[in-house]
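Here are my notes on this model, as numbered points. Please read them with the structure open.

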Amino acid sequence: MPNTIEPHTKDWKLSALLSGITEQIQRSLDLQNILQVAVNEVRAFLPSDRVMVYKFHPDESGQVIAESVDQQRLPSLLGLNFPADDIPTKHRELFVRSKVRSIVNVAARKIGQSAMPGAEITPDIEDITYRPLDACHQEYLTAMGVQSSVVVPIIHHERLWGLLVAHHSEPRTIPLEELQILQMVVDQFAVAIAQAELLAQAQDKAQRETTINRIADLLNSLSTIDLQTALEETVIALNGVGGRLYLLPTTFNAKVAVPGENQPLPTGTLYICGTQPTLPEQMRFHCMEQYPIWQDHFATQSEPAWVIPDVYQVPELRNLQPGFKSTSIRGILAIPLQYREQLLGYLTVFRSEIEVERLWAGWFDPDERQVQPRLSFEVWKESKQGQLHLWTEADVELAQVLGRQFATAIQQYAMHQQVQAFNTQLEAQVAERTAELQLAGEQQAVLLRVVTKIRESLDLQHIFKTTVTEVRQSLQVDRVIVFRLDPGSNFDSGQVIAEAVVPPFVATLGRVIRDHCFGEKYAAEYQQGKIYAIANIDDAELQNCHRELLTHLQVVANLLVPLRKGNELWGLLGVHSCTQPRTWSSADTQFLTQIAAQLDVALQQGELLAQTQQQAKQLAQALDDLKHAHTHLVQTEKMSSLGQLVAGIAHEINNPVNFIYGNLAHVSSYAQDLLGLVELYQQHYPNPVQAICDRAEEIDLDFLTEDLQKTLSSMRIGADRIRQIVLSLRNFSRLDQAEMKPVDIHDGIDSTLLILQYRLKPKSDRPEITIIKDYGNLPLVECYAGQLNQVFMNVLGNAIEALEDAHSNGHWAQTNETGDKADRSHSLPDSELPCISPTIRIQTQMTDDQRVQIRFFDNGPGIPEAIRQRIFDPFFTTKPVGKGTGLGLSISYKIVVEKHGGMFKCESQPGQGTTFLVEVPAKQSGKADDSDR
C-alpha cells in the first residue's frame, strides 16, 4: 500500500537510514548484526512486507541470513535454504556481468530491469526497462505469497555475494527512488562485507598462529617433547576424528629413548589418537604407513601433502580400503615429515563422512502459504546424505606448517637423545674418566672464581685467601699455602702469607720458614718453572734437611708450583696431604698450574696497581703541596704587605708623636715659668692699669692658669697612648723579629687585642665582648713572632665572629653594660666565666716538658663534630661566599705544627663553647730554614 511522505521528511528519513547503517558498520564488526539492523531499518523506511538478505553458497544454493518481515502479511524465510535452480545460472550471470536490478509486478505480469551505477550496458541507469514476466517465475512468487518484489544484487570482489530483496504481499509499482535507496543500502553492505571478510581473515590467522604456537610449545622441549599431546592437538586443529604419527625406524636408533605413549614396532614407532582403521590380520603389514604406496606416492609426487577427499575413490589404496570399512573415515590428509633430505615419518589425519541437513524453503514448514509442492526437494535432500568433509587449502597449509614443526622437533629431539645416549654410554663405560671430567669442571669453576676475584679486586691478600680456600675444597686436601720467598736471603727463607688448613693439622700462616736446602738445590729449578709432585716424602729423593722440614709441618705428600712475578721467582703455591700419601694426577698438576698462572697475573697487576697508586699518591701530594705552597705564599705575601703597611704607618706616626711627646716637657716648663712670672707681676703690681685688668678678665686668667696644667697633662697622656698603639703595631708586625728569636708571648697577644679593640667594643646590636686574661709566668719563647701573632689574630678573629653570630641568634640576653673593658684583667676559674654576655678567656701556662700552652676559650654556641673534624682543612669554611677563604686556620695549623713543632687543637661541644689550644716549645731544638717562611 502506498505511503504519502513529504519530500523534506523523506529526505531526512533517508539520511537517518543511511547514517544509522553507517554508524552500525563503524560500531560493530559482526556482519550478521549489521545486516539484521539494516533490513529492520529499510523495512521501517520503505512500505515493504519483507526485506531480507539472501547469501549464495559456494554450490550456488543460497540462504536467507537476515530478514525483517510483517508476519501478518508474509511468512518468515529466515534461515531457509533455496536450491541453485531457484535462481538460474543465466540470471546470476546477468546480475554480475550486466549489474542489473530486478523489479517484478506479479499482477501486471511484468518484470523490469534497471542498470546499477557503473554497469556496462548502454541504457540510462535512470530508466527501468520492462518485459513480460516468465510464467514459472510468476508461479514461484505466487507460491511464496509475493505480488511484487525488488531484487538488488550484492557484488563483492566482482562476485555475486548475495541479494537484497524487498517483497510485497500486494501489487505495487516500485518507483525508481526506492530502487536507488536500496542501491545505497547495498553499497553500504559491500563495505560491511569487506570489513567482515578482513576480520574473519585476521581471526583465522590469529587462531592458526595460536594453534601452531601451542603445538610448537609441546614439541620444542628437548627433554620433555610431548608427541602424543601434540598429535591430539593437531587432529583437533584440523577438525579430524583421528590421527597417526608414524616415525621410521631410522629416526630413533636403539640408543634413543622414544618419548611418550606409543606403539613400538619392529619397523618404526607409531602414535595414534581417535578413530583408527583396522587392518585385517591376514594382511602383510599391520601399519598402513609400512605399505610401499606411502613411499611411492611421495617419491613420485612433488606435492608436500597427500590430500585424499575420499579414501574409496583412490585406486592405489584398494588394499587398505577394507581397514576403513568398519569406520566412518572418508578423508585422509598425509604429510611427510622431512628434515632437509631425510624422511623421518608421516603425520596423518582422518576425517569422517558428515551428514548435511538443510532446511529448504517449502520443506519442514507448516505455513499454508508455502504448500506449493516442489518435487525436487526430496531428491535434493537425499543427495546430502553421507557427505565428504573436504580438505580446504587452509587445512592443507596448516597441516604442512605443523608437519614442519613435527619434523624439526623430532629431529632435534633425536639428535639430543643421541647425544644424551652417547654421554650415558660413555659414563657407563668410562666411570673414572667421567669423574675426572667432573673434577675438571669443578676445577675450572674454581679457576673461574679465582679469575673473577682477580678481576673484581686487586687486593692480593684477599685473592690469595680466596684461592687457597677454593683449591683446598676442590682437591680435597688438608692444607694449601701461598709461600712468599725472601729474595734477600738467597731463597733460603720465606713466609706463609695465605693458608687454608683443616684441623687438627698445624697452622703455618705467618710463620717464617728457613730451609737452606731449598736455596741450594730447588730454587733454580723452580725459577725455570719446574713443578714438584711428591706422592710420599718417605719414598722421594729429598735432602734430609728438606725432609725434616716437611715432617715437622706434618706433610705426607705435596704438590708445589712456582709463582713468578715477571721473570723472577716470587714464591710457591703448595698443596699438602697430611693424612696419607697421594698420587697427584695430571689433572691436579694442570689445575694447580692454571691457578698459579692466574696468580702470576694477579702479582703483575698488583705491582702495577701499587706503582700506579704510588704515582697517584705522589701526584696528589705534589698537587696538595703546590696548593698549600700557593695559599701559604699568598697569605704570607698578604701578611708581609700588611706588616709593612702597619710598620710604615707606625713609623710615620711615631716620628711626629715623638716630636710632640719630647717637646711636651719643655712646653710644660715654659708654661710654669710664664705663670710664675705672671704671679710675680701680680705680687709687685697688685693694681695694674685698666687695660691689663680688662684683658685679664677677658681671657679669664685665673681659669687659664688652672686649666693650662691640666691641658698639658692630657696631651701627655694622649701622646703616651699613641706611643703605646704604635708600639703594639710594631710588635704585631715584628719586622724587626723576622728570624726566630726569644719574644714575650704576652706582648704579642696584647698587641693583637689592641688591634682588635674596635671589634670588642659594644655595638648597637650587641654588648661588649669581655676579654679575661689569665696569664701565667712564661719565659721568653723562641719563635717567629710575626707568624704567631698571625695565629693569634686568626683564632681571636674567629672567636669574635662566632660570638657575634651567636648573639644575633639570641644565645645571650641583652645587657645594658657599656664602656671600654677590653683591657681589664680577671683571674676567674673556668667555671666562673660570665654566661650572660659574650666572653673570651685567654690562659697561658708552662708545662712540665718546657712547652708553652696558650688556650683561647669562648662561651659561644660551640662547633658541631662534623665541622670540627674538618676545621683545619684548606679552603674549608662555613661562612657565606665572600666572607671567608677557609685558609686562616689551615695556615695557622702549618705555622704552629710545621714551623714551630707544636700542637694546634680544637675542642668543642655544641652549646658549651669552644677552646683552641696552641702549644709550642719554649726553645727550638733547631732553626728552621728561612726559605720555609
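1. In this predicted model, strand β22 sends its side chains two ways. T770, I772 and D774 point to one side. I771 and K773 point to the other. Both sets are buried, charged residues D774 and K773 included.

2. The strand spans residues 770-774, and five of its five residues are buried. β22 is therefore largely enclosed by the rest of the structure.

3. Which strand pairs with β22, and in which sense? The partner is β24, and the sense is parallel. β24 covers residues 839-846. Five bridges join the two strands. Within this pairing, K773 of β22 stands opposite I842 of β24. K773 is thus worth a look on two counts: the residue is buried, and its cross-strand counterpart is I842.

4. How many disulfides does the structure hold? Zero. A disulfide would be a covalent bond between the sulfur atoms of two cysteines. Two cysteines deserve a check by eye. C287 has a relative accessible area of 2%. C906 has 5%. Both fall under the 20% cut-off, so both count as buried.

5. Now the surface. L677, L680, Y681 and Y685 make a nonpolar patch of about 440 Å². One of its members, L677, belongs to helix α14, which runs over residues 586-684. L677 has a relative accessible area of 42%. That value lies between the 20% and 50% limits, so L677 is classed as partly exposed.

Key:
Residues numbered from 1 in each chain as written. Predicted model: local features only at pLDDT ≥ 70, side-chain atom pairs only at ≥ 80, totals over all residues. Heavy atoms only, no water. Buried < 20%, exposed > 50% of the residue type's maximum accessible area, 1.4 Å probe, protein only. Helix = DSSP H or I, 4+ residues; strand = E, 2+ residues; numbered from the N terminus. Pairing = 2+ DSSP bridges. Disulfide = S-S within 2.5 Å. Patch = residues over 30% accessible without salt bridge, like charges linked within 9 Å, V, L, I, M, F, W, Y side chains within 5 Å. Areas by Shrake-Rupley, 256 points an atom, 1.4 Å probe, with all protein chains shown as cover. Salt bridge = Lys/Arg side-chain N within 4 Å of Asp/Glu carboxyl O.
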